Amino acid sequence: MNPWFETVAEAQRRAKKRLPKSVYGALIAGSERGQTIEDNQRAFTELGFAPHVAGPIGERDQSTTVLGQQLSMPVLISPTGVQAVHPDGEVAVARAAAARGIAMGLSSFASKPIEEVIAANPATFFQLYWCGGKDEILERMRRARDAGAVGLILTLDWSFSHGRDWGSPVIPEKLDLRTMLKFAPQTLARPRWLATYMRSGSIPDLTAPNMAIGDAPAPGFFGAYGEWMGTPPPDWADVRWICEQWDGPVLLKGVMRVDDALRAVDAGVAGISVSNHGGNNLDGTPAAIRALPVLADAVGSQVEVLLDGGIRRGSDVVKAVALGARAVLIGRAYLWGLAANGQAGVENVLDILRGGIDSALLGLRKTRVTDLERSDVVVPAGFERALGLPETATAASAPVDHAASHA
Ligand SMILES: Cc1cc2nc3c(=O)[nH]c(=O)nc-3n(C[C@H](O)[C@H](O)[C@H](O)COP(=O)(O)O)c2cc1C
């Protein structure tokens with residue numbers, strides 16, 4: 001079989017064939033009824049384009065900067081724990097991102113230590129959860145700074161919902177003989193996945209090395225998750241404290257409301273990612289792209305506004321940029337690529353996105369991604385969601401039915 005694939009949908013089909021059922025299920029993730037995870041993708045299908053038929057443009061240019069990093073296209077790797085997908089895990093993803101000139105977001109729950117990931121891609125942002133006491137949080141930040149992280153992604157949208165109507169995968173923490181036998185029917189049915197691990201000489205486990213404190217051994221995923229669950233959520237003073245402690249840009253990930261975006265700016269963040277955690281947080285939250293235009297209007301002149309959730313093709317990136325995002329982060333798209341073909345699979349996904357962005361720029365007769373504007377996109381009436389508009393906000397409280405102004 002040709003290892004090259006032409007769409008992210010094909011990468012997902014291959015991932016499904018290749019991964020043990022429980023690993024594939026962990027990547028599908030989502031919560032409750034799956035309303036948000038579905039809306040993240042459906043919303044992009046509701047948006048259209050308003051292409052030109054002629055007109056001069058120069059050589060197309062996708063490059064941009066995000067939080068001080070030069071990127072070859074407006075795409076970053078969103079932080080995810082990619083345990084058990086591929087033995088090289090986040091290091092393979094970081095190499096692919098570096099090879100394609102984009103930045104990497106490394107999850108707190110990642111399977112590889114931050115030092116190895118930064119060696120593969122110096123443009124790495126470390127993702128932090130509010131987990132443990134302030135001393136532990138500071139210790140993890142110090143390690144990330146010492147390793148050379150170029151910024152912090154602070155993810156705060158999580159509500160510990162653990163039920164899914166389609167069933168949750170059973171995930172063992174360690175593969176000892178007993179669990180290996182228990183999972184044998186799944187893993188033996190996926191010989192190529194098994195062979196990749198056997199060739200690497202490692203066995204999949206769920207250690208979270210970046211959650212280790214000092215010289216203590218790295219906790220297992222479930223231990224770290226338990227610590228997170230037991231930590232009271234932060235308030236806005238805590239967000240400000242994080243920004244003060246980190247000598248560099250902080251991106252707050254998971255913002256969906258205008259009032260939160262305004263408070264985040266006030267707390268000192270350098271950027272926000274409009275996001276619902278890829279539909280894994282509170283089910284019923286609208287698609288991130290529906291909240292983007294209003295949030296970009298509210299704070300886009302003060303901080304960098306990114307988006308993540310539902311990006312599967314280059315045209316999705318272009319729609320998000322046209323509606324006000326400086327760039328997007330991708331999650332499942334690269335996970336499918338990693339599962340399908342390791343580092344080369346992630347590069348394949350990034351090339352698909354780049355090709356799609358290029359086609360859209362050509363169709364829209366735009367030279368640069370930074371030239372994209374809202375009138376390039378057809379937004380149906382009632383598409384947008386204005387969540388958390390403060391009563392006093394004037395500019396942001398304008399009606400959100402912009403349909404009349406779109407071609
Ligand atoms: C399997 C999986 C694990 C994730 N783990 C994290 C994480 O550790 N930290 C985080 O900030 N976001 C995490 N996310 C959310 C992603 O960073 C991102 O917000 C989401 O995947 C974007 O949606 P998309 O998958 O449709 O691109 C995870 C998502 C998935 C699918």
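Colleague: At roughly what angle do the axes of helix H10 and helix H11 cross?

Modeller: This is a predicted model, so keep that in mind throughout. The axes of H10 (residues 236–245) and H11 (residues 258–267) come within 9 Å and cross at roughly 40 degrees.

Colleague: How do I turn that into a word?

Modeller: Angles under 35 degrees count as roughly parallel, and 65 to 115 as roughly perpendicular. The crossing angle therefore makes H10 oblique to H11.

Colleague: And is the crossing of H10 past H11 left-handed or right-handed?

Modeller: Right-handed, in this pair.

Colleague: Which residues in H10 and H11 meet?

Modeller: From H10 you get Trp 236, Val 239, Arg 240 and Cys 243, and across from them in H11 sit Arg 263, Ala 264 and Ala 267. Sorted by class, that contact has 5 nonpolar and 2 charged residues, with no polar ones.

Colleague: Let's try another pair. How are H4 and H14 oriented to each other?

Modeller: Start with the numbers again: the axes of H4 (residues 89–99) and H14 come within 8 Å, and the crossing is at roughly 15 degrees. H4 and H14 are therefore roughly parallel to each other. As for handedness, the H4 and H14 crossing is left-handed.

Colleague: What meets what in H4 and H14?

Modeller: H4 brings Ala 92, Val 93, Arg 95, Ala 96 and Ala 99. On the H14 side, they meet Tyr 334, Leu 338, Gly 342, Gln 343, Val 346, Glu 347 and Leu 350. That contact divides into 8 nonpolar, 2 polar and 2 charged residues.

Colleague: Now the ligand. Which residues come nearest to it?

Modeller: For a ligand, list the shell, then pick out the nearest members. Here 25 residues surround the ligand, and Ser 78, Ser 107, Thr 155, Gly 278 and Gly 331 come nearest.

Colleague: Which helices each supply at least two residues of that shell?

Modeller: H2 (21–28) and H14 (332–364) do. You've met H14 already, as the partner of H4.

Colleague: How does the shell around the ligand split by class?

Modeller: You'll find 14 polar, 8 nonpolar and 3 charged residues there.

Colleague: Zooming out, how many helices and strands are in the chain?

Modeller: The chain has 14 helices and 12 strands.

Colleague: What does the radius of gyration of the chain tell me?

Modeller: Compare it with what a compact globule would have. For 407 residues that would be near 22 Å, and the chain has 21 Å, so the two agree. For the extent, look at the principal axes: the C-alpha trace spans about 65 × 50 × 40 Å along them.

Conventions
Residues are numbered from 1 along each chain as its sequence is written. This is a predicted model: local features need pLDDT of at least 70, side-chain atom pairs count only at pLDDT 80 or more; totals for chains, interfaces and linings use all residues. A residue is near a molecule or strand if its C-beta atom, placed from the backbone, lies within 6 Å of it. Helices (H or I, at least four residues) and strands (E, at least two) are DSSP runs, numbered from the N terminus. Ala, Val, Leu, Ile, Met, Phe, Trp, Tyr, Cys and Pro count as nonpolar, Asp, Glu, Lys and Arg as charged, and the others, Gly among them, as polar. Axes are lines fitted to C-alpha atoms, for helices over the stretch in contact, and angles run from 0 to 180 degrees between N-to-C directions. Angles under 35 degrees count as roughly parallel, over 145 as roughly antiparallel, 65 to 115 as roughly perpendicular and the rest as oblique. A crossing is left-handed if the near helix is turned anticlockwise from the far one by less than a right angle, and right-handed if clockwise. Two residues are in contact if their C-beta atoms, placed from the backbone, lie within 7 Å. The radius of gyration is taken over C-alpha atoms; the globule rule is 2.2 Å times the number of residues to the power 0.38.
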